[in-house]
Amino acid sequence: MKDPHKSAPLTVAVAGLGTVGVGTLRVLSDQAALLARRAGRPIVVTAVSARDHNRDRGIDLSPYTWFTDPVTMAREAEADVVVELIGGSEGAARATVEAALEAGRHVVTANKALLAHHGLALAQKAEAADLGLFYEAAVAGGIPIIKALREGLAANEIRSVQGILNGTCNYILTTMRETGRDFDDVLVEAQDLGYAEADPSFDIDGIDAAHKLTLLASLAFRQPIDLAAVSVQGIRHLSALDIRFAGELGYRIKLLATGERRPEGVDCRVAPVMVPLDSPLAPVEGVYNAVVTEGDFVGRSVFQGRGAGAGPTASAVVADLVDLACGRFAPTLGVAVADLEQVGTNAAPCAPAERYYVRLTVLDRPGVFADIAGILRDEHVSMESILQHDRDPGETVPVVMILHETDETPLARAVSRLASLETVVAPPRVIRIGRC
């Protein structure tokens, strides 16, 4: 066996020294001997870049050449590969990655927003230069789902990929279920614990999960990255009441990112879903992530683990560096850009009939149920079951209906008409019931 220490090291420049950047430096230092054996040669950091040179990051940066400007580092540092951990879809992150590829350097990134917006162009640039563009850390933290889709499941036509891809939302929904507290209260707690940002909209409105889903869908279905084709709904509107009713009915509510190949095209959506308790996604709690894939030969595969944090994300970054050190790199999107399929997308026109949970808040008056039933009948929406707790006459009362499989268009018409009833005193809540 070749002595790895007699091989030229893979030299690395790291842009961005936040939690993940510092975590990556620690992994590379602490695991140096193990990584050299697995990679066949040492992996050595030569340069770093961040905005504040004087900030105490709890790690010795003196062995590395310091660059204030990451774009300059990408162009000039002694490095075979640039690791971009700055974040954001524009600005320094985008300029750094483009500069690295233009300078003939491989790129490893954890930046899902950058790839969701510009991944196709960056993949073309990397392919034209015969360079690797790696992003295992961009989706689901330490779970090796990119490698699984691009390599491990390469013999399969992937029918569907769905998962819990945002730990902030999963923590909030788990805590709401366990404590019975409402969304706003739990969000503040998540912010205090560092699980949610001061401005949490990126997470709770489903944007982060949508970015990740675009990458998974591109790999799974060999299609161009297309963020605009993803239907996105977040979790702001969910209440403790919905979560309690879900439990009574045998479900847990999860924010799911789902991509499915259908005869009409690819359906990609992010939305809260009522997940059956026997689903592999139901017990995934707290800040954990999980992804379930369906392949024609392998069937169902389940991947679960820590979806964020310094250790798991740095682990994924370093795994990409090991692949590069070994000379292993597949096309960025699994196939050459020219071989991507221009399939029809966006969920609404090709969404299948689904079962739904609908919650109405109504005044308890004579004739209310007749009005509801009449609207459903007129729109050809069939009710499977109804759940209503004891109440006092004249009070407002929640009415929960489980609907038989129905298309979105008649359901939307029915919900709009139900909302206009004088006896319906709050916007109806509609949640899809998952089949996973």
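**View 1. Val12 stands opposite Val81 in strand β4.** Let's start with this pair of residues in a model that is predicted. The strands shown here are β1, residues 10-15, and β4, residues 81-84, and they run parallel. Joining β1 to β4 are 4 bridges.

**View 2. Six strands form an open sheet with parallel pairing.** Stepping back from the valines, we can follow the sheet of 6 strands in the order β3-β2-β1-β4-β5-β6. Its edge strands are β3 (65-67) and β6 (133-134), each of which pairs on one side only. As a general reminder, the strands of a sheet pair through backbone hydrogen bonds, in either a parallel or an antiparallel manner.

**View 3. Helix α12 lies across strands of the sheet.** This helix spans residues 310-325. The strands that α12 lies across are β1, β2 (43-49), β4, β5 (106-109) and β6. Relative to β5, helix α12 runs at about 160°.

**View 4. Helices α5 and α10 cross at roughly 55°.** Here we turn to a pair of helices: α5 covers residues 112-128 and α10 covers residues 207-221. Their axes come within 9 Å. With that crossing angle, α5 and α10 are therefore oblique to each other. The crossing in which α5 passes α10 is left-handed.

**View 5. Side by side, residues of α5 meet residues of α10.** From α5 come Lys112, Ala113, Leu115, Ala116 and His117. They meet Asp208, His211, Lys212, Thr214 and Leu215 in α10. Sorted by class, this contact has 4 nonpolar, 3 polar and 3 charged residues.

Methods:
Residues are numbered from 1 along each chain as its sequence is written. This is a predicted model: local features need pLDDT of at least 70, side-chain atom pairs count only at pLDDT 80 or more; totals for chains, interfaces and linings use all residues. Side-chain values use heavy atoms; hydrogens and water are left out. Axes are lines fitted to C-alpha atoms, for helices over the stretch in contact, and angles run from 0 to 180 degrees between N-to-C directions. Helices (H or I, at least four residues) and strands (E, at least two) are DSSP runs, numbered from the N terminus. Angles under 35 degrees count as roughly parallel, over 145 as roughly antiparallel, 65 to 115 as roughly perpendicular and the rest as oblique. A crossing is left-handed if the near helix is turned anticlockwise from the far one by less than a right angle, and right-handed if clockwise. Contact means heavy atoms within 4.5 Å. Ala, Val, Leu, Ile, Met, Phe, Trp, Tyr, Cys and Pro count as nonpolar, Asp, Glu, Lys and Arg as charged, and the others, Gly among them, as polar. Two strands pair if DSSP finds at least two bridges between them.
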